[in-house]
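Work through the following exercises with the sequence and the coordinates at hand. Each task is followed by a solution in steps.

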Amino acid sequence: MLHRRHDELVAQAAAIAPDDAVLAQAESIASLLEAAGATEKARQDLPGLEAELRSQRTQIDASLRALGLSGPASRAAEAIPAAISLAQARRLLRTYVRHAEALATLPSAVAEQEAALNRAEAALASLPPPRDAEVLAALISSIAAEGDPVRMAAAAAQATAQAAARLDALLARLPAAWRDLDWLHAVEAPQPSLLRQRAEHRRVAGAAHGEQVAVLERLQGTLTASRQERAQLNREGPLPGAAVLTAARARRDAGWNLIYRRAFSGEAPDTRAEQAFGAEQPLPLAYVAAVVEVDRLADLRNREAERVSAAEQLDRAILQQEEGLATARIAEAAARRQAEAAEAAWAALLHPLALAPRTEAPELEQLLALRTAALEEAANLILAREAEKQLLVRQAADACRLRQVLGGPRDSDPDLRALLAEAEARQRETRRTESDRARLQEQREAARESLAAAERALATAREQMAGWHADWKPLAARLGRAPDEHPEDSAEALRLFEELAPIVREADRLAERITAIGAEIAAFTTRCSRLAEELGTAASRDPVAAARALGQRLQAARGAAERRTLLALQAEEAAASLAAGMRQAEADAAELRAVIAATGADSAEAAEERLDLSNAREHHENLLAEAQQEIFAGGDGLSLETLCREVEALAPEMMEAELLRAREALTAQQAAAEHAAADAAHAEAALQALSNETAFSRAVQDQQTAVTQAGETLENALLLHTASLMLELALGAAQEAGDDRLLRRIGATFALLTNGAYPSVTSREDEKGVAHLVIRRADYPDEETLVDELSEGTRDQLFLALRLVAIEDHVAQGAILPFLGDDILQSFDDGRAAAAFHALLDFSRTTQVILLSHHQHLLDLARATLAPEQVHVQRLEG
């Protein structure tokens with residue numbers, strides 16, 4: 001078998017003949033394949049570039065005609081002036097605009113300044129002559145030296161009113177009997193020391209009584225709770241005693257004695273005792289019931305041991321609590337009497353003050369403080385009224401003096417407020433007139449200066465315009481424009497030159513690029529043709545297709561070489577297995593010869609016969625040993641010789657009679673045991689029937705749980721299967737498309753999601769022409785990895801990249817829907833999850849992104865990765 005397998009592998013390896021010529025050119029073919037994509041793209045871009053070049057040259061021709069120039073568009077760069085000349089012309093035109101604006105506006109400015117000067121002089125002539133207001137100002141200053149008279153009078157009246165209001169407010173807070181100021185002066189307040197002493201005595205006595213009442217209530221509550229707890233123990237059922245358990249055990253032992261007498265002792269059963277023990281039940285069932293009752297009472301006794309102990313402790317606690325309650329009642333009565341005496345002393349202190357006996361010390365202290373404040377405020381009111389009276393006398397004298405200065409009629413009772421208002425109005429009028437005079441003088445001087453400046457500016461503008469014309473003539477000649485051309489036309493020509501320059505540069509750049517692309521395509525075609533000729537391949541009109549055909553030949557040659565290498569390795573392994581089998585056969589033959597020599601036989605068959613005889617002898621020896629062990633086990637420890645002598649001493653007929661009696665006794669014992677076993681089985685069946693209901697319920701629950709878990713498992717399996725199919729369809733579409741632009745977009749998104757670990761995604765056809773996605777790793781750029789060789793998390797990242805690119809294409813068609821991802825990051829590590837958050841943030845500029853997850857660490861990672869305003873969290877309860 002091993003020989004045949006080795007020969008088949010060698011033959012298969014020899015049958016494979018890879019294309020060595022293609023393998024020798026593997027590096028050149030790979031280089032050609034790498035350039036094929038760029039060449040294909042260049043061929044696709046070339047018509048667009050040529051069309052763009054024609055469009056730009058059409059624009060150049062139109063611009064040249066607008067400038068009045070002729071010549072081909074390819075030589076338009078020669079018609080464009082130097083950049084420095086264009087810049088100088090642009091600056092001179094801007095200067096011209098400023099000069100022209102100045103010459104247009106300065107004459108009107110000169111006229112405006114002349115008019116302003118005339119208006120200022122006329123206004124000065126219309127003002128009244130200046131007045132002497134020093135006497136009036138000195139009198140007003142003297143009157144206002146102490147403050148504003150009007151405000152001082154109002155403040156004095158307000159102070160009097162406020163003092164009266166404060167006194168009324170204080171009196172309103174006092175009891176009715178205390179609101180009479182004469183009584184308030186006459187009443188004698190108690191000494192503060194006496195007040196504090198009796199208040200403290202009253203407080204201490206009341207607090208002591210309150211504490212005793214609280215102690216009494218607490219003890220009463222504790223006693224009530226203990227009694228309720230003791231009643232609850234009684235309601236739970238009678239407490240089992242030791243006598244009950246002893247009686248139950250005695251009944252059980254009596255039942256066992258009756259069963260033993262009937263089944264094992266050989267005595268006549270006591271039928272009356274059995275009926276008395278079992279009542280309506282058979283003896284075995286009654287005995288089983290007695291055993292169960294003993295076990296129940298013992299278990300109950302063990303369980304209720306804590307309740308019995310608790311009842312005894314509660315009885316002792318209730319007795320102690322009743323004694324403590326009686327003592328607390330005596331203490332409460334004594335504290336109550338002391339509190340009543342303190343209340344009587346406090347009422348006697350309050351009686352002269354016309355206050356109720358229940359008035360508290362803080363309230364009394366507050367009332368006494370209010371009394372003191374009211375008396376002080378009454379004195380303040382008297383002082384305020386006197387101050388107001390003196391102020392009114394001084395202000396009447398000031399009003400007479402002010403009336404004399406103003407020259408008004410001599411009234412018997414002049415109004416100081418009206419006189420002050422008149423004086424201030426006269427002062428304001430005088431200040432306004434002088435202010436107008438100074439302002440108009442400043443305007444006149446400013447108008448004179450502005451008029452002189454405007455005249456100088458007009459002369460300067462005329463000189464600058466003449467200088468501009470002198471500078472523009474030589475520059476216009478360099479630009480190819482007429483010296484007398486209007487500046488606006490020159491500005492339009494400059495605009496056309498400036499717009500034409502970048503178009504000409506872009507056209508030249510396009511022409512150079514088109515030339516380079518043609519050279520690149522030609523070089524690629526030459527390389528492809530030369531390589532195809534070296535490999536004996538027919539020339540093709542499409543060099544890109546030819547390069548890809550060479551790539552397929554290289555892939556097929558590499559596959560053949562790999563298969564031949566694999567077959568050679570398998571042939572070597574088969575040869576090694578064959579050698580090992582031969583060595584094992586030689587070792588087995590040597591071992592067989594050794595066994596034959598050990599048995600003393602001449603052949604293998606004779607050795608087998610001797611081994612069979614040896615096994616039979618060993619079997620008989622084992623049977624003899626087992627028989628001796630049975631004899632020793634039934635011989636009460638006697639030796640074999642002693643047992644043999646006893647057997648020889650017994651007559652055969654006696655042995656038969658003894659055996660008969662032993663068999664009858666054994667039969668009776670077996671019948672009794674079977675009867676007892678049947679009764680026990682009936683009792684066990686009854687107990688089992690009771691427990692089966694619980695077991696059935698538990699089995700039903702277990703079944704429901706299993707059904708639920710199976711449903712969840714099937715749902716998860718369906719979800720995973722659907723996701724797998726979606727991934728296979730997406731991969732298949734991308735593989736079949738083979739679009740370089742699409743693959744580059746997928747690769748860019750995939751690189752972003754993997755933090756650059758997989759920088760590119762390409763498509764490669766196998767020997768059957770089926771396209772496959774190929775992934776390249778950053779660490780090993782020369783190695784290709786298929787999709788099914790990726791880990792689960794990396795496949796999920798590739799699937800997410802495919803989804804994002806597909807949705808971008810879908811949105812570009814006008815159908816915008818939100819992106820919904822349900823736990824799509826659960827297989828990502830933290831680094832790639834953070835990269836996915838950045839990618840989805842960029843994707844949110846295309847459409848709304850909604851992520852669902854029950855993983856808290858992903859929420860924490862999102863908040864740590866993105867800004868607070870970029871993450872909106874909505875928790876779903878339930």
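## Exercise 1: The core around F750

F750 touches Y758, V761, I775, T794, Q797, L798 and A801, leaving aside residues up to four places away in sequence; contact means heavy atoms within 4.5 Å. This is a predicted model, in which local features need pLDDT of at least 70, side-chain atom pairs count only at pLDDT 80 or more, and totals for chains, interfaces and linings use all residues. Residues are numbered from 1 along each chain as its sequence is written, and side-chain values use heavy atoms, with hydrogens and water left out.

Task: Find which residues have the most contacts inside the largest nonpolar core, and which elements each supply at least two residues of this core.

Solution.
- Step 1. A nonpolar core is a set of buried Ala, Val, Leu, Ile, Met, Phe, Trp, Tyr and Cys residues joined through side-chain atoms within 4.5 Å. Buried means under 20% relative accessible area, exposed over 50%, and partly exposed in between (1.4 Å probe, protein chains only).
- Step 2. The largest such core holds 35 residues, and F750, I775, L798, L800, F819 and L825 have the most contacts inside it.
- Step 3. At least two residues each come from α21 (740-753), β2 (771-776), α22 (792-812), α23 (830-843) and α24 (856-865). Helices (H or I, at least four residues) and strands (E, at least two) are DSSP runs, numbered from the N terminus.
- Step 4. Another core lies apart from this one; it has 32 residues, including L67, L86, L93 and L475.

## Exercise 2: Positive phi in two loops

Task: State where N755 lies and where D823 lies, then classify each as buried or exposed.

Solution.
- Step 1. N755 is not a glycine, yet its phi is positive, about 60 degrees. N755 is in the loop between α21 and β1 (760-765).
- Step 2. The relative accessibility of N755 is 53%, so N755 counts as exposed.
- Step 3. D823, also not a glycine, has a positive phi of about 55 degrees. D823 is placed in the loop between β4 (819-822) and α23.
- Step 4. D823 has 14% relative accessibility and therefore counts as buried.

## Exercise 3: Aromatic pairs

Task: Describe the geometry of the pair W256 and Y287, then name the residues that ring pairs link into a cluster.

Solution.
- Step 1. A pair of aromatic rings is described by the distance of the centres and the angle of the planes. Rings of Phe, Tyr and Trp (its six-membered ring) pair if their centres lie within 6.5 Å; planes under 30 degrees apart count as stacked, over 60 as edge-to-face and the rest as tilted.
- Step 2. Five aromatic pairs occur in the structure. For W256 and Y287 the centres are 6.1 Å apart and the planes make 40 degrees, so this pair is tilted.
- Step 3. This pair links distant parts of the chain, with W256 in helix α10 (residues 242-263) and Y287 in helix α12 (residues 283-303), 31 residues apart. W256 is partly exposed, at a relative accessible area of 38%.
- Step 4. Y260 and F264 also make a tilted pair, with 5.7 Å from centre to centre and 35 degrees between the planes. Y260 is partly exposed at 42%, and F264 is partly exposed at 43%.
- Step 5. The cluster linked by ring pairs consists of W256, Y260, F264 and Y287.

## Exercise 4: A buried serine

Task: Which residues does S226 touch, not counting residues up to four places away in sequence?

Solution.
- Step 1. S226 is located in helix α9, and its relative accessibility of 8% makes it buried.
- Step 2. With residues up to four places away not counted, S226 touches L314, I318 and Q321.

## Exercise 5: Confidence

Task: Which elements of the protein chain have the lowest and the highest mean pLDDT?

Solution.
- Step 1. pLDDT is the predictor's confidence in each residue, from 0 to 100. The protein chain averages 76, and 81% of the residues score at least 70.
- Step 2. Helix α20 (residues 652-737) has the lowest mean pLDDT, 47, and strand β5 (residues 849-852) the highest, 89.
- Step 3. Over residues 650-659 pLDDT stays under 50, and the model has one contact beyond four places in sequence for them. Residues 710-728 also have pLDDT below 50, with three contacts in the model beyond near neighbours in sequence.
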